Amino acid sequence: MPFDAASYEILKSEAFIGGQWVGADSGETQDVFNPASGETIGTVPFMGAAEATRAVEAAQAAFPSWKAMTPHERADILMAWHDLIHDYKQELADIMTAECGKPLDQSLGEVVYGASFIKWFAEEGKRVYGDTIPAKQRDRRLIVTKEAAGVTSAITPWNFPNACVTRKIAPALAAGCTQVLKPAPDTPYSATALAYLAQKAGLPDGVLNVVTGDAAPIGKVLTSHEAIRVMTFTGSTGVGKILAEQCGRHIIKASLELGGNAPFIIFDDADVEDAVSEVIASKFRNSGQTCVCANRILLQDGIFDRFAEAFSARVSAMKVGHGDDQHGVDIGPLINKAGYDKVARHVDDAVSKGAKVLAGGSPHELGGNFYQPTVLSDASKEMQLAHEETFGPVAALYRFATEEEAIMTAN
Ligand code: ADP
C-alpha cells in the first residue's frame with residue numbers, strides 16, 4: 001500500500017523557526033522520496049542562508065529564558081516530549097521507513113532508543129555538577145560552575161533520522177542550550193515530526209529550530225554565525241572536514257562523528273554460529289548503512305572456510321523487500337541512487353581484482369535501489385572496499401594467519 005503522507009498528523013512539510021511552521025522565502029521546495037518505490041512522498045522547503053540566519057536568531061532570543069529555567073523544569077518538558085514520542089512511535093516508524101527504506105521493525109526499534117536519549121539526558125541535566133579546586137593562596141576559593149554554552153547547531157545524516165536527531169537535541173536542551181538543526185535532505189520528516197512533538201510537549205518557541213534545504217549555505221551559517229557556540233555533526237568525513245574548518249575560523253567548538261572502515265576479527269577458536277550471528281547483526285543492520293558497521297571481516301586461516309560457508313548460507317536466506325512489508329524484511333533498499341551506485345562499484349571493483357562471490361553480487365530483482373546482500377571472499381587491500389566505507393549490504397572476507405597480522409590489517 002503506498003504511503004499516504006496526508007494521513008499522518010505529525011508529518012510536517014514545513015520548516016520550524018521560532019515556533020512557526022514556515023516555507024522558504026523563495027517558495028521553493030525539494031522532494032522527499034521513498035527509496036523503496038522511488039515515489040515522491042512530499043516536499044520540504046528549500047531554504048538557504050537567510051532562513052538559517054533567522055533560525056539562529058530565534059535560538060539566540062530563546063536562549064536566556066531557557067537557560068534560566070532549572071534543569072528539573074527543562075527535564076519535565078523533555079520527558080513530556082519523550083512520552084509523546086512513545087505515544088506516536090508507530091507513526092514515527094512509518095514515516096522513517098517511508099523516507100529511508102528501513103525495515104519497519106528496525107524503525108520502531110530506533111524510535112524507542114532515540115527516545116531513550118531524551119530520557120537519559122533529561123536526567124543527566126540534573127547532574128551537571130561543578131568542581132571545587134584547592135587553591136594555592138589562603139584568601140582564594142576556586143569553584144567551577146558549568147554554564148550553558150549558548151546556541152548550538154546540528155547537522156544530521158539520513159541513516160538514523162530519528163536517533164541521530166534526538167541524540168543531538170537532547171544533550172543541548174537538557175544543558176540549557178538552544179539549537180538549530182539541519183536534517184539530511186533524504187529524511188527531513190523524521191526531524192520535523194520530532195520538532196512537532198516537542199512543540200506539543202510544551203517546548204518554548206525558538207528553543208529548537210529545524211531548517212531544511214540547501215546544505216552548503218545553511219551549513220555555512222551554522223558554522224560561522226557569531227551566536228553559535230557549538231556545532232555537532234554526524235556524516236561523511238569529507239563534509240566533516242569542511243565543517244570543522246569553517247568552525248575553526250570562527251572558534252566554534254566542533255563535535256564530529258564521521259565515517260570509518262571497521263574491521264571484525266574472528267580467530268580460529270571462535271564459535272562459528274555465534275560469529276555468524278554477530279557479523280550479520282553488525283554488517284547488515286539498516287542494510288549495511290550504519291557508521292559503526294563492520295566493513296572488513298578478517299578471518300583466521302583455520303576458521304575461514306567453515307565461517308564462509310555458514311555465513312553465506314545465512315546471507316543468501318535474508319529477505320529483501322520494502323521496509324513496510326509486514327512479513328519480516330531483513331534488507332531494505334539503499335537510500336538513493338548514489339548509495340546504490342557505490343555498492344555496485346565496490347562489488348564490481350572487488351570482483352575485477354580477484355574476489356569470489358559467495359552470495360549475492362548483483363542488483364536485486366526488485367530493481368531501483370535494491371542490491372542483493374552480498375558476501376565476497378578473497379578480499380584484498382587493493383580493492384576499493386578496503387579503503388572506502390561501502391555503506392551497503394556487502395561483506396568482504398579477508399584471510400589472516402597471525403594475530404599480529406590481523407591487528408596490523410585492522411588498524
Ligand atoms: P552522506 O554521504 O551519508 O549523505 P553527508 O556528510 O554528505 O553524508 O551528509 C550528512 C549531512 O551533512 C546531511 O545533512 C547533508 O545535507 C549535510 N551536508 C552535506 N554537505 C554539506 C555542507 N557543505 N555543509 C553543511 N552540511 C552539509
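**Cavity lining and ligand site**

Guide: In this predicted model, the lining of the largest cavity divides into 5 nonpolar residues, 2 polar and 1 charged.

Visitor: Which residues line the largest cavity, and what makes one of them the charged member?

Guide: Phe16, Gln199, Leu203, Pro204, Asp205, Gly206, Val207 and Leu208 line the largest cavity. Asp counts as charged, so Asp205 is the charged member. Gly counts as polar, so Gly206 belongs to the polar group.

Visitor: How many cavities of 30 Å³ or more does a search of the whole structure find, and what volume has the largest?

Guide: The search finds 1, and the largest cavity has a volume of about 30 Å³.

Visitor: Why is the pair between threonine 156 and the ligand called a polar contact?

Guide: The cut-off is 3.5 Å between N or O atoms. A polar backbone atom of threonine 156 is 2.7 Å from an oxygen atom of the ligand, so the pair qualifies.

Visitor: What makes the tryptophan 158 and serine 236 pairs polar contacts?

Guide: A polar side-chain atom of tryptophan 158 lies 3.1 Å from a ligand oxygen, and a side-chain N or O atom of serine 236 is 2.7 Å from a ligand oxygen. Both values are within 3.5 Å, so both pairs count. The protein covers 76% of the 550 Å² of accessible area that the ligand has on its own.

Visitor: Why is the ligand said to sit in the largest pocket?

Guide: The ligand is assigned to the largest pocket because more than half of its atoms lie within 2 Å of the pocket's grid points.

Terms used
Residues are numbered from 1 along each chain as its sequence is written. This is a predicted model: local features need pLDDT of at least 70, side-chain atom pairs count only at pLDDT 80 or more; totals for chains, interfaces and linings use all residues. Side-chain values use heavy atoms; hydrogens and water are left out. A polar contact is a pair of N or O atoms within 3.5 Å; within protein, one must be able to donate a hydrogen and the other to accept it, and residues adjacent in sequence count only if both atoms are side-chain atoms. Accessible areas come from the Shrake-Rupley method with a 1.4 Å probe; for residues, only the protein chains shown count as cover. On a 1 Å grid over the protein atoms alone, a cavity is a set of points where a 1.4 Å probe fits but cannot get out, and a pocket is an open set with protein on both sides within 12 Å along at least five of seven lines; lining residues have an atom within 4 Å of a point. Grid points are joined across faces, edges and corners, and a volume is the space filled by probe spheres set on the points.
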